[in-house]
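Let's go through a few labels and ask what earns each one. Here is the model.

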Amino acid sequence: MNTKPAFSGLHPIKIKNARIFYDGSLQNLEMLFDQEKILQIAPEIEVDDDVEIIDAKGLAVLPGLVDTHVHLREPGYEAKETIAAGSRAAAAGGFTTIFAMPNLRPYPSTVETMEPYLEKIANDAVVRVIPFGTITDDEAGRTPTDYAALKKLGIHQFSDDGVGVASGDVMQEAMKKAVEADVLFSCHTEDMNYRAPGASVHEGPYAKKNGWIGIPSACESAQLIRDLGYARQIPVAYHADHISAKESVEALRQAKRDDVNCTAEVTAHHLLLEDRDVQDAMEKMNPPLRSHEDRMALIEGLEDGTLDFIANDHAPHTMEEKTRPMDKAPFGIVALETAFPLLYTEFVDRQKRWSLKQLLEWMAAKPAKRFGLEKTGELREGYRPDFFLADFDRTYTIDPADFESKGKNTPFGGWTANVCVMQTWSEGRPVWTRKDK
Ligand SMILES: [Zn+2]
């Protein structure tokens with residue numbers, strides 16, 4: 001007997017005729033799962049009549065991606081993005097777990113502001129959304145947040161993204177408290193002494209030629225080097241956000257050699273674009289797209305393990321904001337719906353420089369591990385039933401009008417992608433399906 005509405009209880013489902021990414025490669029396998037876990041992956045799985053069967057002929061099943069650096073803008077900036085739209089954008093990009101940055105109004109710095117925020121996420125998000133707490137109260141850079149209090153609500157990661165913690169004394173005090181509470185810091189490093197008013201793009205000949213005020217690489221690397229110095233003395237779990245400069249890569253390489261507990265992320269746009277690709281504020285982000293040499297250092301850093309994984313700094317804004325003059329427009333681009341298709345297309349399909357296995361490790365397994373997510377980021381028996389169906393035979397053109405995100409601010413409109421996310425499943429349920437035009 002068919003027991004639908006089985007989705008209120010556990011409803012076993014089998015996917016057949018797909019290529020499943022298992023043990024490092026795409027294989028002709030079947031996968032049985034319910035809404036709690038993956039039950040079995042095998043060449044042929046015998047099932048009872050009450051098991052729903054999905055025929056995914058022609059498609060690949062890939063582990064749900066993880067992004068540790070996403071701006072959902074809600075509460076406070078709902079004209080740019082909402083939890084509902086941003087989490088749908090995540091699903092449309094193959095992401096099933098995203099970490100939401102805390103530069104919001106109100107800031108989730110206290111139990112009083114975090115609780116309603118968690119409730120809103122529980123109601124609105126279509127994939128798993130895990131919020132950051134702030135490193136300092138309201139990201140004001142003065143008082144370390146009460147990490148232990150927020151940890152009781154399940155918050156294990158803290159960031160003042162958008163600004164660096166300017167005071168070295170405050171940062172060291174915060175790091176000591178983070179060690180006591182056993183939480184992770186995810187740090188946007190930016191020393192504002194290096195950033196002139198109106199600075200918008202990487203400082204270099206290209207900025208000069210266009211009459212734009214530049215942001216020097218030291219703006220990022222000086223504070224990173226400071227923090228890594230503290231982390232040599234204070235054993236905090238330190239993660240460096242959106243690394244853009246070759247000097248930062250070198251500082252991380254040295255710190256890792258010295259066994260500092262540090263990891264780092266790099267965004268898809270810093271891997272794909274350079275300062276000379278900047279046309280207008282649509283390519284304006286912080287940190288900025290840097291030189292060719294920097295981009296090559298990021299790619300090599302990722303490949304040799306100095307940079308640990310990819311996170312994309314999805315940063316939606318309204319078109320009104322992003323069409324302002326260079327020095328007046330806000331920093332940031334949307335990324336969730338383009339990161340995987342474009343990285344796959346450029347580095348796996350076109351350059352044949354990376355394997356699909358490497359890309360999926362950097363976009364799922366490795367961020368999951370560093371951010372303490374259990375049974376996430378791979379397709380294995382007992383793991384979370386989070387995955388997406390992709391069509392590797394389908395080529396399409398990126399059109400921001402198709403985005404689920406409220407933000408259409410992308411420099412990648414018109415780019416071609418050689419893989420297409422068709423459907424995304426979170427906790428054993430389909431949460432997003434591509435609408436064919
Ligand atoms: Zn940032």
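What follows is a short round of questions and answers on helix H4 and two loop residues.

This is a predicted model, where local features need pLDDT of at least 70, side-chain atom pairs count only at pLDDT 80 or more, and totals for chains, interfaces and linings use all residues. Residues are numbered from 1 along each chain as its sequence is written, and side-chain values use heavy atoms, with hydrogens and water left out.

Q: What makes residues 168–181 a helix, H4?
A: Helices are DSSP runs of H or I with at least four residues, numbered from the N terminus; H4 has 14 residues, so the run qualifies.

Q: How do you know what span to expect for H4?
A: Take 1.5 Å times one less than the number of residues. H4 reaches 20 Å from its first C-alpha to its last, close to the 20 Å expected.

Q: Why is aspartate 313 called buried or exposed?
A: Buried means under 20% relative accessible area, exposed over 50%, and partly exposed in between (1.4 Å probe, protein chains only). Aspartate 313 has 10%, so it is buried.

Q: Which label does glutamate 427 get, and why?
A: Its relative accessible area is 39%, so glutamate 427 is partly exposed. Its phi is near 50°, a positive value in a residue other than glycine.

Q: What makes the buried residues of H4 line one face?
A: Seen down the axis, they fall within an arc of 150°, so they line one face of the helix; the arc is that of the directions from the helix axis to the C-beta atoms. Among them are Val170 and Ala174, while Asp169 and Glu180 on the other side are exposed.

Definitions and conventions:
Helix = DSSP H or I, 4+ residues; strand = E, 2+ residues; numbered from the N terminus.
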